[in-house]
Structure formats: C-alpha cells, structure tokens
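Biologist: I want to learn how to read a ligand site and the helix beside it. Where do we begin?

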Amino acid sequence: MFKRLRGYFSTDLSIDLGTANTLIYVRDKGIVLNEPSVVAVQDEPTRGGKIIVAVGTEAKNMLGRTPGHITAVRPMKDGVIADFTYTEKMLQYFINKVHGNRTLKPSPRVLVCVPFGSTQVERRAIRESAEGAGARNVAHRE
Amino acid sequence: MAAAVGAGLPVHEPRGSMVLDIGGGTSEVAVLSLNGVVYANSARIGGDRFDEAIMNYVRRNYGILIGEATSERIKIEIGSAYPGTQVRELSVKGRNLSEGVPRSFTLNSNEILEALQEPLQSIVSAVKQALEQTPPELGADVAERGIVLTGGGALLRDIDKLLTEETGLPVMVADDPLTCVARGGGRILELMDELGPGHFGLE
Ligand SMILES: Nc1ncnc2c1ncn2[C@@H]1O[C@H](COP(=O)(O)OP(=O)(O)OP(=O)(O)O)[C@@H](O)[C@H]1O
Ligand SMILES: [Mg+2]
C-alpha cells in the first residue's frame, strides 16, 4: 500500500553526477536530462558576491569565452567535488528542472552514483549536496 | 556497479564480469559477481587528461595554444587509441605563441595517437593490475566473457582494439556508453524495491 502511494506521489531519480556530464534517469521515462557539469557565475557585489547565470549546456558554451566578471567553472574535477557550493547549486538546478519546483510534490527519492575511489568526506559532500537540492533518501553507490 | 548494470552485464550471477568506465575525470575498473564488488580501482585519468595531452602536444610541436573545447573536438573527430589504416586530418585554429596571433593549421590522426600515449598507457596499466588482482575463478570468467567498456572514453576510436591487444581478452563497447551509469542506477532502484535495499550493500 505504502509502496503504491509513494508510486503515485513521488518520483525515483537516478543521477550520474559526472565530472564532464550529469545525467538524470526517471523510472518509466528514461533519461530526462543530459547536460555538461558546468556552472557560469557572475560577480554581483551589490547582492553579496556571485550569482549563477547559466548551468549545463549554456554554461559549457561559455567555457574559455567569458569576460572578466563572469566565470564558467566545472565544479567537479577528477571525479570528485572540487567546489561544494557550485555543485550543490548545479544539482539543485538539474533536479528542479526535471522534478519541477512544486511544493505539494513530495521530494524525490534519489540515487546518486559516485566513483569507487571517492572518500567518505567526498561521499558526504555529495549526499549533502543532493539533500540541499531537495532530495530525500539519498542513497549512493559506485 | 551502476555502469555494469546499465551495460546489461549479468552481475547477479556467481560469475565474474569486468567493466571499465572511462569518464571525463576518472577511469574505474571493477570485477563484479553476485551483485557485489569483488575488485575495484579508480585512476584519476579520463577524457580531461586526453584533452590536456593534446593541448600540450600542440604547444610543444607547433608552438600554438589551443583551448579545451578545441582540444576535445580534435579528440572526438580524429583521436584514436590504436594505429588505423586510414589517416584522418583536421584543420584547427589556435594562437601562435611567438607571433601572438590566431593561426590555422592541420593535425592528423597519427599525431593525436602519439599525443595520447601516456594517458592511454595508464589506463592499460589499471586494467592489467585489475586482472592480476582478480581471484582465479573470476579471472577465468572474465577471460571468457571479456571486458565491457562504458563512459564517454569508450567512444575513443579503437580503444577496444588497444585493450584487446594489450590484454589478449575480448573487449566490447557497451550500447550507449554515456548513459550506462544513469540507466543502471535506475535499474538498481527498481531492484531495491523488489528485493530490499540490503541486496545491493547500499550505505
Ligand atoms: N566520441 C568520443 N571520443 C572520445 N572521447 C569522447 C567521445 N565522446 C565523449 N568523449 C569524452 O568522454 C568524456 C565524458 O564522458 P562521461 O560523460 O562518461 O564522463 P563523466 O561521467 O562526466 O566523468 P566521470 O565519470 O569521470 O566523473 C569527455 O572527456 C568527452 O570528451
Ligand atoms: Mg561517469
């Protein structure tokens, strides 16, 4: 019964949070998102620092082509999180993009795939990123 | 694990399956049996290192600076892991270091093969090490069934040939190697509902 209900109201997402590309797979729908793991940020001194101007494909097109006040970054490097804040923002953006931002919807159950070689600290960082991005029951395995 | 499931390997069987995932940042090789990881190792070498190797080669041999995106395009269009019969060429643009101006020049596939030698050899070593450390029964299964490649790096031309040549084992590129991990993770979620989470040794 519980399983049924959950089936109606929630979604299962499998996320491949890769150094180069992030993919999201939804049960019964297949691959719903496939974008480069890139974030573009702009200096915004009045709003206390930096704001995100593009994520994914749009941001990748900016790599190596940005003016001084914008930086396009790849927050994952060598299979691990190099920049925690931007990874979380990126994940949040991608999850919202496929799941919608409706408050009535329960948060999705998410499985994030991490590299075999990742340390406990790195795994916790990924878990916290996904939770920060609104996921529940974040499990992850290699 | 997810990569292997996504590649359709029978990881639940009591037989060894070997999968090598070559991503952007890392290459991971694993031997799986009975839904568990028997051996796994990960090297921080992947597509990014290939791109860097091409940038360095071009700077050294042509005195020209190219960007990451150009380097990736060269790799995808004329890169290969094993000498082929056909030499392919590509015209690209970069900044000449001494003159400081943009210049067009032509690269061929043999040059890129040479540029990629070092990172390719590191991947070969990781696979050989995995084979050495796999228990004999499982190693025999792998020898029979071969190694399955996933990740974007599996799309590098003739990487399967290189690995076959170096290991003597059959090597296959999975269908749609870029999406194996995401699809495999989805399948694992379904199996967890059917069989219970403990089944996959999740944390
Ligand atoms: N046809 C191709 N030939 C060679 N390399 C390719 C090809 N297509 C994609 N790649 C490379 O594959 C890499 C991306 O692969 P993938 O999406 O599997 O990595 P990732 O999962 O994001 O990274 P990681 O698993 O290391 O975190 C990039 O380096 C890209 O340049
Ligand atoms: Mg990957």
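Modeller: With the elements. Helices (H or I, at least four residues) and strands (E, at least two) are DSSP runs, numbered from the N terminus. The model is predicted: local features need pLDDT of at least 70, side-chain atom pairs count only at pLDDT 80 or more, and totals for chains, interfaces and linings use all residues. Residues are numbered from 1 along each chain as its sequence is written, chains are lettered from A and ligands numbered from 1 in the order in which they are written, and side-chain values use heavy atoms, with hydrogens and water left out.

Biologist: Which element gives the most to the shell around ligand 1?

Modeller: α3(B), with three residues. Both α2 and α3 of chain B supply at least two residues each.

Biologist: Which residues come nearest to ligand 1?

Modeller: A residue is near a molecule if one of its heavy atoms lies within 4 Å of it. Around ligand 1 there are 19 residues. The nearest are T19(A), A20(A), N21(A), E72(B) and K75(B). Chains A and B both surround the ligand, so the site is shared between chains.

Biologist: How do the shell residues divide by character?

Modeller: Ala, Val, Leu, Ile, Met, Phe, Trp, Tyr, Cys and Pro count as nonpolar; Asp, Glu, Lys and Arg as charged; the others, Gly among them, as polar. This shell has five nonpolar, 11 polar and three charged residues.

Biologist: What polar contacts does the backbone offer ligand 1?

Modeller: A polar contact here is a pair of N or O atoms within 3.5 Å. A backbone N or O atom of A20(A) sits 2.7 Å from a ligand 1 oxygen atom. For G152(B), a backbone N or O atom is 2.9 Å from an oxygen atom of the ligand. For L155(B), the partner is a nitrogen atom of ligand 1, at 3.5 Å. On its own, ligand 1 has 660 Å² of accessible area (Shrake-Rupley method, 1.4 Å probe). The protein covers 90% of that.

Biologist: Back to α3(B). Which of its residues are buried?

Modeller: Buried means under 20% relative accessible area (1.4 Å probe, protein chains only). In α3(B), residues 68-78, that holds for T70(B), S71(B), I74(B), K75(B) and I78(B). Down the helix axis they fall within an arc of 140°, so they line one face of α3(B). The arc is that of the directions from the axis to the C-beta atoms.

Biologist: What covers them?

Modeller: Contact means heavy atoms within 4.5 Å. The cover includes α2 (47-62), β5 (89-96), β6 (102-108) and α4 (109-115) of chain B.

Conventions. Buried < 20%, exposed > 50% of the residue type's maximum accessible area, 1.4 Å probe, protein only. Polar contact = N/O pair within 3.5 Å; in protein donor to acceptor, adjacent residues only side chain to side chain.
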